[in-house]
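User: I am new to this structure and would like a close look at a single part of it. Please take me through that part slowly, in one connected answer.

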Amino acid sequence: MKPYFHKIVITSLKLVLLLGFILKPSVVSSQKADSPVNLNKIPPRIIRACCAFGYDLKLWGVPFVNIDQVISITDLEGHHYMGNKSEGTGTVYTRRGGFIDIGHLRDQIDWTRYLYTLIMDSKGKGDVVLSLRNEAGRKKLHLNIPKTLDENDCILLAGKIAYDFSLWHEISTWYGASTLPFMPEKFSSFSVEDVYSNLLGIHVGMKTLRTKLPFNAAATKFIASTLDSLNVVKTTQETYDAYNAVHNKWYTNEKRIPHINITLKRDLDVLKYSRPWIVPDIASTADDPVTLDVPQVDSKENLLTSYYQFTIDANRRIPVETLFPNRQSNRISQNDFKILLNAITKDLQRMGEILKSEKE
């Protein structure tokens, strides 16, 4: 590992810019042992600090700062619903699941719990509408949950909706949505660890909800056992080695954040499942990679989308008129994600041709 003038572990790129490089904990609220779900308080889009893919990354206009968010499994500590400053966040490498962003994983565990609680509370109430925080437009969740929908189907539904929310975050950041002005997040959209880490967190969250253990204790237990099942590496050096093996292939630290070409590989084959990106030279020879499925149907083979609609009244950043020329409004839903993903794929193909011609 190369020496740094200053090596600073940063929990949020945005906090660096906003707070003048003063490091803060990723979450400042203190949580009790097993905090209840408050349905009147919608979780933020990003509960915990997440990570840019790679290490030794640098910020444009900020000298002497190297972003390094690699952690060891010994740094994880216990899970706390909606976060706690004691939690470990960062990236670890697993031989069956590729790079895992622990912040993303934890967030989706908590979103799955929140949505499950909301779904259970909405059973038999007819149409229930939840206004969500803006993200490239006004977001709403429309629920219509039959009183007879069983608990396990409610868990599956929570997982599906949580996944749609996380997928919209990737789509919207590609089109320019960002948490802070002048800090575009397109550089990290659909990076190879993001979607897999999100879906892994949803699977852990669903497993946690099926137990009788207190939520935080169950989540802590299943995070550890899930990472073990994916053959997580034991040291930070092994994660650095994995990053080194894909430097200038999947990412580069030779450009500064937020340059779009920091991320060199992106994964958009994500509608129904997520496959891990395994570093070729470090892949396990004993175990196969673990592909994760997105929940699609309930126990009676009914589509989970028959119980909800996730809508976005898109702002001008989303090219609704171009992609949906016959639409009379700027409203899109989870049913439109395939068209949006295809458009982003074409954008990336065009960018690849531009980069190729520039090199020539």
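Which residues of helix α6 (residues 236-246) are buried?

Analyst: In this predicted model, the buried residues of helix α6, which spans residues 236-246, are Thr239, Tyr240, Ala242, Tyr243 and Val246. Measured against the cut-off, buried here means a relative accessible area under 20%. Around the helix axis these residues cover an arc of only 155°, which puts them on the same side of α6. The spacing fits a general pattern: an α-helix has 3.6 residues a turn, so residues three or four places apart point the same way.

Just after α6, the chain reaches asparagine 248, which takes a positive phi of about 65°. As a general background to that value, most residues other than glycine have a negative phi, and most peptide bonds are trans. An exception of the second kind is found at isoleucine 257 and proline 258, which are joined by a cis peptide bond with an omega of about 15°. Proline 258 itself lies in the loop between β8 (256-257) and β9 (273-274).

For the setting before α6, one can turn to helix α4 (residues 194-209) and helix α5 (residues 215-229), whose axes come within 9 Å and cross at roughly 130°. That angle makes α4 oblique to α5, and α4 passes α5 in a right-handed crossing. On the α4 side the contact is made by Leu200, Val204, Lys207, Thr208 and Leu209, while α5 contributes Phe215, Ala218, Ala219, Phe222, Ile223 and Thr226. Sorted by character, the residues of this contact divide into 8 nonpolar, 2 polar and 1 charged.

Technical notes. Residues are numbered from 1 along each chain as its sequence is written. This is a predicted model: local features need pLDDT of at least 70, side-chain atom pairs count only at pLDDT 80 or more; totals for chains, interfaces and linings use all residues. Side-chain values use heavy atoms; hydrogens and water are left out. Axes are lines fitted to C-alpha atoms, for helices over the stretch in contact, and angles run from 0 to 180 degrees between N-to-C directions. Helices (H or I, at least four residues) and strands (E, at least two) are DSSP runs, numbered from the N terminus. Angles under 35 degrees count as roughly parallel, over 145 as roughly antiparallel, 65 to 115 as roughly perpendicular and the rest as oblique. A crossing is left-handed if the near helix is turned anticlockwise from the far one by less than a right angle, and right-handed if clockwise. Contact means heavy atoms within 4.5 Å. Ala, Val, Leu, Ile, Met, Phe, Trp, Tyr, Cys and Pro count as nonpolar, Asp, Glu, Lys and Arg as charged, and the others, Gly among them, as polar. Buried means under 20% relative accessible area, exposed over 50%, partly exposed in between (1.4 Å probe, protein chains only). The arc is that of the directions from the helix axis to the C-beta atoms.
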